[in-house]
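The following exchange works through selected features of a single protein chain, taking each question in turn and reasoning from the arrangement of its parts to the value or name requested.

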Amino acid sequence: MNEFEFIDNLDDALGKSQIELSIGDDAACFNDVLIAKDIMVEDVHFTSEASIQDIIFKLFTCNVSDIAAMGGTAENVLLGLSIPSDRIDNKQLIDAIKSAAKHYGVNVIGGDTTSSLSSIFLSLTVTGRKGEHLLKRNGAKVGDIVCLSRPIGFGSLGLIQELESEDFGLPPFLHYRHTAEKELGTFLGNANGVTSCIDISDGLGRESTHIAKSSGVKLVINAEQLPIEELSKYSEDPVSLMLESGEEFALLFTVNKHRFNDIRQNIFTSLGRDIIEIGVVREGDGEAVLKTGEQETSLSVKGYEHKI
Ligand code: ADP
Ligand code: MG
C-alpha cells in the first residue's frame with residue numbers, strides 16, 4: 001500500500017475530528033496553533049555518508065516548511081533522536097541542532113532521546129503561529145493563477161549525484177541545504193487572495209495533484225512557464241526533472257487572478273524577491289496536468305511515494 005492510501009484509510013477509520021483542521025493538510029490547526037511532524041530515517045531520507053549537520057538541517061527544514069505551507073510561522077520544536085552510540089560525535093550533534101534552530105528562529109522546547117541498534121532515526125514536531133488566513137490545500141478556485149516560489153529540480157540532481165549514478169559537478173549534498181520558505185509562508189498567510197498552498201516534498205506533479213484533488217478542480221501547469229533555464233544545463237529533460245524532484249521545500253500556491261499583480265509586487269517590495277507564475281486553475285475533478293502546446297498529460301504519478 002502506498003503512504004497516501006494508508007493515510008486515507010486511517011483518516012476514514014478515525015472519523016471526523018473536532019479540531020479546526022486535522023489529517024490531510026501540511027499541518028493540523030487548533031486554537032490558532034499549527035502543528036506538524038516529519039520523520040527522517042537513514043537509508044530512506046539520507047545516506048550514512050551525509051554529515052549530521054546536513055541531516056539535522058534537513059529535518060528542521062521539512063518541518064518548518066510544513067508550517068510555511070499553511071501560511072503560518074514556525075516557533076517551537078520537539079526533537080526525537082534515536083542514534084546508535086558509536087555513530088555521532090555529541091558535540092557535533094548539539095552544534096547542528098543549535099545552528100538549525102538559530103537559522104529558522106525556532107525554540108527547541110523538548111523531545112525524546114533513545115539508543116538505536118544500527119541506524120539513525122529522527123523525528124521533529126513543530127508548532128507554529130497561524131497567519132490571518134489558513135492556507136489549506138482545498139481552496140483553489142477556477143481562474144486562479146498557479147505559482148511556484150522559486151525554481152526547483154536540483155533536489156533530484158543532488159540525489160542522483162549522492163547515489164553516484166552520475167556526477168554533475170555540483171557541490172556534494174547540496175540537496176540537504178534547501179531552505180524552507182519561512183518568510184514567504186508568513187507573508188502569504190497574511191496576504192489577501194492566496195487561495196491554497198502546499199510545500200514541495202514529493203514533487204511538483206504530486207503536490208499539484210494534491211491541491212487539485214482537495215479543491216475539486218484541475219490544475220494546468222504550462223510547460224513553457226516552468227523556470228528550466230538553470231536545469232537545462234544539466235539535463236536533457238529539465239521539465240520531467242522539475243516535475244519529479246522531491247524534498248525541494250519550495251511552495252506551490254494558487255492566487256486569485258485579480259490579486260496576483262499586487263501580491264507579486266508586495267512580495268518584491270517586502271521580501272526583495274519574486275515568485276513564478278506556472279499555470280492556471282480550470283474546472284475539473286481533481287487532476288493536475290502538464291500542458292505542452294495543445295497536449296495535456298496527467299501529472300498524478302510524477303513524484304515520490306513511500307510504500308508501507
Ligand atoms: P507532508 O508531505 O506535507 O509532510 P504527508 O504526505 O506526510 O504530508 O501527510 C499528509 C497528511 O497525512 C498530513 O496531514 C499528515 O499529518 C497526515 N499523516 C501522515 N502520516 C500519518 C500518520 N501515521 N498518522 C496520522 N496522520 C498522518
Ligand atoms: Mg508538506
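Q: In this predicted model, how many bridges join strand 6 to strand 10, and in which sense do the two strands run?
A: The model is a predicted one, and strand 6 covers residues 145–148, while strand 10 covers residues 276–283. Within this pairing, Val146 of strand 6 stands opposite Gly279 in strand 10. The two strands run antiparallel, and the number of bridges that join them is four.

Q: Which residue of strand 9 is the bridge partner of Leu148?
A: Strand 6 also pairs with strand 9 (residues 251–255), in the antiparallel sense and over four bridges. In that pairing, the bridge partner of Leu148 in strand 9 is Leu252.

Q: Which residues of strand 6 point the other way from Ile145 and Cys147, and are the residues of this strand buried or exposed?
A: A residue counts as buried when its relative accessible area is under 20%, and Ile145, Val146, Cys147 and Leu148 are all buried. Ile145 and Cys147 point one way from strand 6, and the residues that point the other way are Val146 and Leu148.

Q: Which strands stand at the edges of the open sheet of seven strands?
A: The order of strands in this open sheet is 7-9-6-10-8-11-12, and the pairing is mixed. Two of these strands have a single partner strand each, so one side of each is left without a neighbour in the sheet. From one strand to the next the twist averages 30 degrees. The strands at the edges are strand 7 (194–199) and strand 12 (295–298).

Q: Which residue of strand 10 stands opposite Lys218?
A: Strand 8 (residues 217–222) pairs with strand 10 in the antiparallel sense, over five bridges. Opposite Lys218, in strand 10, stands Arg282.

Q: What is the average angle between neighbouring strands in the open sheet of five strands, direction ignored?
A: This open sheet has the order 1-2-5-3-4, with mixed pairing. Strand 1 and strand 4 (107–114) stand at its edges with a single partner strand each, so one side of each has no neighbour in the sheet. With direction ignored, neighbouring strands are turned against each other on average by 20 degrees.

Q: Which residue of strand 4 is the bridge partner of Gly80?
A: Strand 3 (residues 73–82) and strand 4 run parallel and are joined by seven bridges. The bridge partner of Gly80 in strand 4 is Asp112.

Q: Which residue of strand 5 is the bridge partner of Val41?
A: Strand 2 pairs with strand 5 (residues 121–129) in the antiparallel sense over nine bridges. In strand 5, the bridge partner of Val41 is Phe121.

Q: What is the phi of Asn31, in the turn of the hairpin formed by strand 1 and strand 2?
A: Strand 1 (residues 28–30) and strand 2 run antiparallel and are joined by three bridges, with two residues between them in the hairpin. Asn31 lies in the loop between these strands and counts as exposed, at 68% relative accessibility. Most residues other than glycine have a negative phi. Asn31 is not a glycine, yet its phi is positive, at about 50 degrees.

Q: Is Asp43 buried or exposed, and what is its relative accessible area?
A: Asp43 is found in the loop between strand 2 and helix 2, and although Asp43 is not a glycine, it has a positive phi of about 70 degrees. The cut-off for an exposed residue is a relative accessible area over 50%. Asp43 is therefore exposed, with a value of 62%.

Q: With which residue does the side chain of Thr47 make a polar contact?
A: Thr47 lies in the loop between strand 2 (33–41) and helix 2 (52–68). Thr47 is buried, with a relative accessible area of 15%. At 2.5 Å, its side chain makes a polar contact with the side chain of Glu162.

Q: How many residues line the second largest pocket?
A: The space in the second largest pocket is about 270 Å³, and its lining has three nonpolar, six polar and six charged residues. Glu20, Leu21, Ser22, Ile23 and Gly24 lie nearest the centre of this pocket, and the number of residues that line it is 15.

Note on methods: Residues are numbered from 1 along each chain as its sequence is written. Chains are lettered from A and ligands numbered from 1 in the order in which they are written. This is a predicted model: local features need pLDDT of at least 70, side-chain atom pairs count only at pLDDT 80 or more; totals for chains, interfaces and linings use all residues. Side-chain values use heavy atoms; hydrogens and water are left out. Two strands pair if DSSP finds at least two bridges between them. Axes are lines fitted to C-alpha atoms, for helices over the stretch in contact, and angles run from 0 to 180 degrees between N-to-C directions. On a 1 Å grid over the protein atoms alone, a cavity is a set of points where a 1.4 Å probe fits but cannot get out, and a pocket is an open set with protein on both sides within 12 Å along at least five of seven lines; lining residues have an atom within 4 Å of a point. Grid points are joined across faces, edges and corners, and a volume is the space filled by probe spheres set on the points. Ala, Val, Leu, Ile, Met, Phe, Trp, Tyr, Cys and Pro count as nonpolar, Asp, Glu, Lys and Arg as charged, and the others, Gly among them, as polar. Buried means under 20% relative accessible area, exposed over 50%, partly exposed in between (1.4 Å probe, protein chains only). A polar contact is a pair of N or O atoms within 3.5 Å; within protein, one must be able to donate a hydrogen and the other to accept it, and residues adjacent in sequence count only if both atoms are side-chain atoms.
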